[in-house]
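Biologist: Before we begin, please show the chain that we shall discuss. I shall then put questions about its parts in turn.

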Amino acid sequence: QVQPVESGGGFVQVGGSLTLSCIVPGSGFSINDMAWYRQAPGKQRELVARISSSGSADYADAVKGRFTFSRDNAKNAGYLQMNDLKSEDTGTYSCNTAQEFGKGPVTYWGRGTQVTVTE
């Protein structure tokens, strides 16, 4: 089982915070890039943040300064700290990982976790 598993979603009021986790169970592989995407109802999926294996992160303009993506390589885990949440942050957040098994990276998607920001 190498599919990433997301957790940490839920309901939060505008201005609140949530931390999403993405964990890839198992061993025998390394994880290159990790990324969070989100999809709101009726909209296309969009990239929220990406982090390299060395910990260098990039963010969508809409979340810069509010979201922080970190990772713990020893735990095959990535964490998205989301602060000052806005109603437009509502959506299903999915983790995407590029895993290396020695024959080139393979991309996996998690099933997603729902984030709902209410007024």
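**Strands, core and disulfide**

Modeller: This is a predicted model. Along E7 the side chains take alternate sides: Phe-67, Phe-69 and Arg-71 point to one face and are buried, whereas Thr-68, Ser-70 and Asp-72 point to the other and are not buried.

Biologist: Which strands form the open sheet that contains E7, and in what order?

Modeller: The open sheet has four strands, and their pairing is antiparallel. E1 (5–7) and E7 stand at the edges with a single partner strand each, so one side of each lacks a neighbour in the sheet. Neighbouring strands here are turned by 15° against each other on average, direction ignored. The order is E1-E3-E8-E7.

Biologist: How many bridges pair E7 with E8?

Modeller: E7 and E8 form a hairpin with four residues between them, and Asn-76 in the turn has a positive phi of about 50°. Within the pairing, Thr-68 stands opposite Gln-81 in E8. The two strands run in the antiparallel sense, and the number of bridges is six.

Biologist: At the other edge, which residue in E3 stands opposite Ser-7?

Modeller: E1 and E3 run antiparallel and are joined by three bridges. In E3, the residue opposite Ser-7 is Ser-21.

Biologist: Which residues have the most contacts inside the largest nonpolar core?

Modeller: In soluble globular proteins, nonpolar side chains tend to be buried together. The largest nonpolar core here has 23 residues. Elements that give two or more residues to this core include E3 (18–23), E4 (30–39), E5 (46–51) and E9. The residues with the most contacts inside the core are Trp-36, Val-48, Phe-67, Leu-80, Met-82 and Tyr-93.

Biologist: Among residues more than four places away in sequence, what does Val-48 touch?

Modeller: Val-48 is among the residues with the most contacts inside the largest nonpolar core. Leaving out residues up to four places away in sequence, Val-48 touches Trp-36, Tyr-37, Arg-38, Asp-58, Tyr-59, Ala-60, Val-63, Phe-67, Leu-80 and Tyr-93.

Biologist: Why is the disulfide of Cys-22 and Cys-95 called left-handed?

Modeller: A search of the whole structure finds one disulfide, and it joins Cys-22 to Cys-95 with an S to S distance of 2.0 Å. The pair links distant parts of the chain, with Cys-22 in strand E3 and Cys-95 in strand E9, 73 residues apart. Both cysteines are buried. The disulfide is left-handed because the torsion about its S-S bond is about -75°.

Biologist: Is Gln-99 buried or exposed?

Modeller: Gln-99 is in strand E9 (residues 91–100). A polar atom of the Gln-99 side chain lies 3.0 Å from the backbone oxygen of Val-2, and a polar contact of 2.8 Å joins the side chains of Gln-99 and Thr-97. The relative accessible area of Gln-99 is 0%, and buried means under 20%, so Gln-99 is buried.

Biologist: How far apart in space are Gly-91 and Thr-116, C-alpha to C-alpha?

Modeller: Gly-91 is in strand E9 and is buried, with a relative accessible area of 1%. Not counting residues up to four places away in sequence, Gly-91 touches Gln-39, Ala-40, Thr-113, Gln-114 and Val-115. Gly-91 and Thr-116 are 25 residues apart in sequence, and their C-alpha to C-alpha distance is 6.5 Å.

Definitions and conventions:
Residues are numbered from 1 along each chain as its sequence is written. This is a predicted model: local features need pLDDT of at least 70, side-chain atom pairs count only at pLDDT 80 or more; totals for chains, interfaces and linings use all residues. Side-chain values use heavy atoms; hydrogens and water are left out. Buried means under 20% relative accessible area, exposed over 50%, partly exposed in between (1.4 Å probe, protein chains only). A polar contact is a pair of N or O atoms within 3.5 Å; within protein, one must be able to donate a hydrogen and the other to accept it, and residues adjacent in sequence count only if both atoms are side-chain atoms. A nonpolar core is a set of buried Ala, Val, Leu, Ile, Met, Phe, Trp, Tyr and Cys residues joined through side-chain atoms within 4.5 Å. Contact means heavy atoms within 4.5 Å. Two strands pair if DSSP finds at least two bridges between them. Axes are lines fitted to C-alpha atoms, for helices over the stretch in contact, and angles run from 0 to 180 degrees between N-to-C directions. A disulfide is a pair of cysteine sulfur atoms within 2.5 Å.
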